[in-house]
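Work through the exercises below with the structure open. Each task is followed by a solution in steps.

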Amino acid sequence: MRVAYDRGTLVVRGAELPQALRGADWLRWDPRSRFHRAEGYRYRALRERLEAADVEAEDEVLDLIPAEEETLAAPGLTLRSYQEEALAAWEEGGRAGIIVLPTGAGKTVVAIKAIESLSTATLVVVPTLDLLEQWRARLREAFQVPVGAIARGETLLHGITVTTYDSAYLQAERLGNRFELVVFDEVHHLPSEGYRQIAQLFASPYRLGLTATLERPDGFHELLPDLVGPKVYEATPAALAGDHLSPYTAETIFTDLTPEERRRYEDEHGRFQRFVERHGGRFRGVEGHKRLIMASGRDPDARAALLARERARDVMMNSEAKLRLLGELLLRHREDRVLVFTEHNRLVYAISERFLLPALTHQTGDGEREELLARFRAGKYRVLVTSKVLNEGVDVPEANVGIILSGSGTRREFVQRLGRILRKQEGKHAYLYELVSRDTREVHTSERRAPEKPKAKRGGRA
Amino acid sequence: MLPRDLLTTRRRGSSVTPVWADLEGEDLATAKDLVALVEAHVGRPRAALLAERLRLEQEAGTRFKLVRGLLELLDRRAHFEVASRVDPARIRKTVFETATLLGPVVGPETRAKVLAEAGRALGLAPEAVEGSLYADREENLVLAAFEAPDPRALLATYNLALAQTLLFDATRMHLFFTRDANRLFRAIKRHGLMHVATRDASGRFTLTLDGPTSLFRNTRRYGTSLAKVLPSLLRCGPWRLSATLAPRPEQGRPEEATFDLASDFPLIQGALDEEGGGFDSATEGAFAQAAGALPKPWVLLREPAILQAGDSVVIPDFGFAWGEKGPLRLFVEIVGFWTPEYLERKLAKVRVLDAQGVPVLLLVDEALACSTDRFEGLPAEVALFSGTPSLLPVARLLEREREAMVAQEGERIAPAPAWEEPILALDRAAARLNVQPATLRRAVEEGRLPGVELVGSTLFRGRALEELSAALPPRGSLRDLEEVLAERGVGEAASVLSRLGYTVKWRGLDPSTAEAVRGSPP
């Protein structure tokens with residue numbers, strides 16, 4: 001009997017299927033190629049069955065990237081107690097499971113120690129290019145070996161390689177048998193309809209998932225035990241606050257639209273509102289909004305309503321009062337290291353041009369991005385304006401002030417933004433401001449978020 | 001292919017189609033307007049075009065997706081450039097550094113001061129600094145060149161792109177066709193699809209396409225690959241496809257549906273081949289361009305054949321044919337990312353082919369090695385390169401093949417010429433003998449055809465050259481002599497006149513005033 005890997009699947013060749021594999025419902029006869037086939041991620045189960053029954057099989061599934069070093073060692077790193085616990089829990093769970101740690105609690109270090117303990121071909125999958133570069137730097141530093149990268153059509157394979165979810169999705173068939181361990185950073189991305197295929201097509205028997213927030217609004221996190229393994233460890237922000245993370249103050253500041261802005265807002269929002277009311281409950285809420293986008297492809301009224309809503313949103317987000325207040329905050333924190341968040345690129349560039357501040361978005365080129373972050377860390381730039389790029393993990397521990405100019409109101413985004421400026425640093429006190437236009441839809445967004453916040457001083461205008 | 005959100009569909013029972021564009025009437029008017037619009041924006045920033053797009057989309061009402069889709073296709077024929085004397089990244093760096101020192105910039109005075117200061121450092125006026133801060137952002141790029149398509153062809157291309165976009169949702173596709181499927185099978189293999197083929201008594205193929213994991217679930221994973229196969233189907237004579245589409249409950253399609261399309265569908269006639277000419281990598285493109293300069297009669301073909309090596313298949317990137325319709329004599333495969341083990345496997349296949357008399361050269365990019373191990377003892381079938389593949393090893397092997405071909409063909413040339421004409425062009429004679437001109441040239445030069453002389457690229461038999469000489473006046477205008485020669489079937493006069501002892505006297509650069517004189521000293 002011979003087992004091999006074929007484009008994301010396992011193929012079992014041989015005259016007869018051994019007893020040990022009969023009854024495995026994940027193994028199927030493929031009439032197209034005339035042998036048995038299973039999805040890549042069943043490799044571990046397949047091997048365990050064969051081993052348990054002591055069946056001899058030619059196993060050609062893994063074709064691991066040769067390691068640069070016989071054993072990988074990261075001697076410079078020591079784990080904090082909760083990191084030790086997390087790693088031990090993962091190892092006890094058979095090296096297939098998920099560790100939940102708050103942003104800033106050192107997930108990367110846990111992963112490095114996990115890689116060290118296995119010393120095998122490892123792929124790290126991350127959501128963004130920034131994280132990719134950051135992981136590469138950390139891994140190079142820890143192990144003193146070259147670290148590969150797969151992104152944007154470029155492939156550089158090494159015993160340890162970092163890639164993005166997008167590239168891993170596109171190249172899963174080709175890469176799925178070349179790594180024994182896969183680390184999924186921000187693993188809550190994995191269960192989405194496309195990305196989950198990465199987990200299914202890869203044969204890697206060892207899997208580690210890392211995240212600060214496991215739950216997804218769509219409930220798909222329930223697939224994770226099948227794709228990666230169960231949650232083996234969790235520490236909440238509250239459990240670590242004060243111990244390893246900096247204290248912080250959070251403040252929501254309400255601003256008023258100018259009379260002209262108010263008129264335009266009411267005008268556009270009213271147009272949208274009337275359309276929604278005319279159609280009863282059909283277009284209300286998050287689901288209703290999706291329906292509206294769908295309908296706008298066919299119905300000119302729906303499209304007009306959608307455009308009106310976008311214009312209303314532009315008015316409230318770009319409000320002059322908010323920008324003036326941003327100026328005041330920049331003056332108040334002129335000695336601090338400030339990150340300004342907005343959700344939309346257009347506003348990022350408007351702020352960049354008005355306040356002559358460096359901007360970081362998805363459009364920023366690789367070289368400039370690196371240079372920009374380096375200058376921010378070195379203090380040559382004190383303020384950075386950014387859209388969603390920094391949501392997950394770009395390391396800027398020097399920042400101690402965060403200003404949110406618009407928010408999408410989901411829990412995860414807020415936790416991550418907050419985490420960004422909560423990185424542990426001696427004697428640092430962090431501030432978080434959220435600027436919200438009074439009497440607009442933004443207020444609801446902000447309120448939706450509020451109950452999820454960890455304990456914090458809250459108040460009106462300071 | 002288009003972004004998925006530019007597709008609208010129509011459902012009839014379980015059958016789904018895109019909302020097609022007409023090739024005439026209002027849609028044709030729209031296409032004409034858009035082509036003219038983009039043409040009118042040459043030299044202007046993209047933002048202006050985007051603003052126009054927004055306006056046109058609003059006017060288009062529910063057909064705004066047509067406008068956006070057509071502009072998307074036109075965008076692929078447009079070339080944009082950064083319009084700034086100084087690299088905007090450098091401008092930003094200077095401005096932000098200055099602002100950090102002088103800021104925070106919360107009022108117009110500080111802002112003006114920063115711009116002026118940065119302008120001094122960059123040698124730019126403050127207004128230029130302000131205007132070029134983000135000159136490299138997509139919307140600020142300037143349209144430099146645009147290749148306008150025929151509006152009707154644009155609409156047909158758009159419809160084909162819609163069909164491809166709908167196929168993103170496909171879980172499985174059935175194809176029916178009769179001939180010329182080589183390119184199709186290559187596409188199937190390249191995109192990692194699986195097929196089951198049947199052929200009926202009348203020679204008609206039925207092909208079912210899906211992917212390895214389709215066995216376990218109806219997955220859309222292979223939808224993009226299925227869409228990419230569509231262009232290669234266009235060359236399979238008459239064809240028909242029937243695709244199974246996954247449910248899209250959020251788009252009012254709770255159950256599976258089907259999409260059918262056939263080669264005679266009127267709305268895709270005349271579609272432009274948008275993706276046919278592309279290369280898998282820039283390296284391949286560079287190689288193809290360089291190899292185009294290799295001497296005749298070699299003809300470079302892309303993915304020319306499917307080679308059977310034991311129980312696996314090799315589709316080399318390139319092949320060199322001895323003449324347009326001649327046999328393939330050398331295959332070239334460009335190897336990107338590799339490990340020594342991978343190369344060994346590849347080499348084993350190449351050796352199987354070589355034993356069958358099919359020479360394959362592997363061009364291996366040194367820089368893309370996936371491990372630090374070197375490849376020990378380079379075999380003859382492998383040539384390393386870094387950056388751009390070198391033509392030298394290819395040229396060397398082609399020279400060997402040329403010798404072999406000339407020798408092989410030369411055997412077919414009998415000592416007595418197989419043509420009647422006293423004067424005949426070399427390539428026409430070669431064509432009649434069914435050999436390459438180079439082979440015939442070699443045979444004549446080696447004196448293997450007694451009584452035949454080659455002048456330039458014209459063959460003279462028996463006394464033909466002397467008769468020609470007698471028919472020419474001892475001196476005359478070059479024009480007249482050329483005409484006499486042309487009447488007798490001599491295309492290139494210069495080498496024949498020189499062989500007959502003429503010297504051409506030029507008066508300036510105008511050939512109509514040049515004169516040819518026999519026997520006069522140079």
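**Exercise 1. Take stock of chain B.**
Task: How many helices and strands does chain B have, and what share of its residues is buried?

Solution.
- Count the elements. Chain B has 17 helices and 22 strands.
- Turn to burial. Of its 522 residues, 31% count as buried.
- Check the contacts. Take those in chain B with a separation of 6 or more: 65% of them are between residues 24 or more positions apart.
- Check the confidence. This is a predicted model. Chain B has a mean pLDDT of 83, and 91% of its residues reach 70 or more.
- Locate the extremes. Confidence in chain B is lowest in strand β12(B), residues 312-314, with a mean of 66. It is highest in strand β9(B), residues 257-262, at 95.

**Exercise 2. Classify a helix pair.**
Task: At what angle do α1(B) and α7(B) pack, and which residues meet?

Solution.
- Find the helices. α1(B) covers residues 25-40 and α7(B) covers residues 151-167.
- Read the geometry. The angle is about 110 degrees, and the axes are 9 Å apart.
- Classify it. Angles of 65 to 115 degrees count as roughly perpendicular. α1(B) is therefore roughly perpendicular to α7(B).
- List the residues. α1(B) supplies B:Asp27, B:Leu28, B:Ala31, B:Lys32 and B:Val35. α7(B) supplies B:Pro151, B:Arg152, B:Leu154 and B:Leu155.
- Sort them by class. Six residues are nonpolar, three are charged and none is polar.

**Exercise 3. Order a sheet in chain B.**
Task: In what order do β20, β21 and β22 of chain B lie in their sheet, and which helix lies across them?

Solution.
- Trace the order. The open sheet runs β20-β22-β21, with antiparallel pairing.
- Mark the edges. β20(B) (475-477) and β21(B) (502-505) each have a single partner strand, so one side of each is left without a neighbour in the sheet.
- Add the twist. Neighbouring strands are turned by 20 degrees against each other on average, direction ignored.
- Zoom in on one pair. β21(B) and β22(B) (residues 515-518) pair over four antiparallel bridges. B:Tyr502 stands opposite B:Arg518 in β22(B).
- Place the helix. α16(B), residues 478-487, lies across β20, β21 and β22 of chain B. It runs at about 95 degrees to β20(B).

**Exercise 4. Move to chain A.**
Task: What is the strand order of the five-stranded sheet in chain A, and how is β19(A) placed, enclosed or open?

Solution.
- Start with the totals. Chain A has 16 helices and 19 strands. Buried residues make up 44% of its 462 residues.
- Order the sheet. The open sheet reads β3-β4-β2-β1-β5, with mixed pairing.
- Mark the edges. β3(A) and β5(A) are the edge strands, and each pairs on one side only.
- Add the twist. Neighbouring strands are turned by 30 degrees against each other on average, direction ignored.
- Pick a pair. β2(A) and β4(A) pair antiparallel over four bridges. A:Val12 stands opposite A:His36 in β4(A).
- Go to β19(A), residues 430-437. Seven of its eight residues are buried, so β19(A) is largely enclosed by the rest of the structure.
- Find its partner. β18(A) (residues 401-404) pairs with β19(A) in the parallel sense over four bridges. A:Ile404 has A:Glu434 in β19(A) as its bridge partner.

**Exercise 5. Examine two backbone outliers.**
Task: Where do A:Arg7 and A:Asp54 lie?

Solution.
- Recall the background. Most residues other than glycine have a negative phi.
- Take A:Arg7. Its phi is positive, about 40 degrees, although it is not a glycine. A:Arg7 lies in the loop between β1(A) and β2(A). It is partly exposed, with 18 other C-beta atoms within 10 Å.
- Take A:Asp54. Its phi is also positive, about 55 degrees. A:Asp54 sits in the loop between α1(A) and β5(A). It counts as exposed, with 7 C-beta neighbours inside 10 Å.

**Exercise 6. Describe the interface.**
Task: How many residues does each chain give to the contact?

Solution.
- Count both sides. Chain A gives 37 residues and chain B gives 35.
- Name the elements. On the side of chain A, those giving two or more residues are β3, β4, α10, α12 and α13 of chain A.
- Sort that side by class. It holds 13 nonpolar, seven polar and 17 charged residues.
- Note the scores. The predictor gives the complex an ipTM of 0.72 and a pTM of 0.66.

Conventions:
Residues numbered from 1 in each chain as written. Chains lettered and ligands numbered in written order. Predicted model: local features only at pLDDT ≥ 70, side-chain atom pairs only at ≥ 80, totals over all residues. Axes fitted to C-alpha atoms, helices over the stretch in contact; angles between N-to-C directions. Parallel < 35°, antiparallel > 145°, perpendicular 65-115°, else oblique. Contact = placed C-beta atoms within 7 Å. Nonpolar A, V, L, I, M, F, W, Y, C, P; charged D, E, K, R; others polar. Pairing = 2+ DSSP bridges. Buried ≥ 20, exposed ≤ 12 C-beta atoms within 10 Å, placed from the backbone. pLDDT = per-residue confidence, 0-100.
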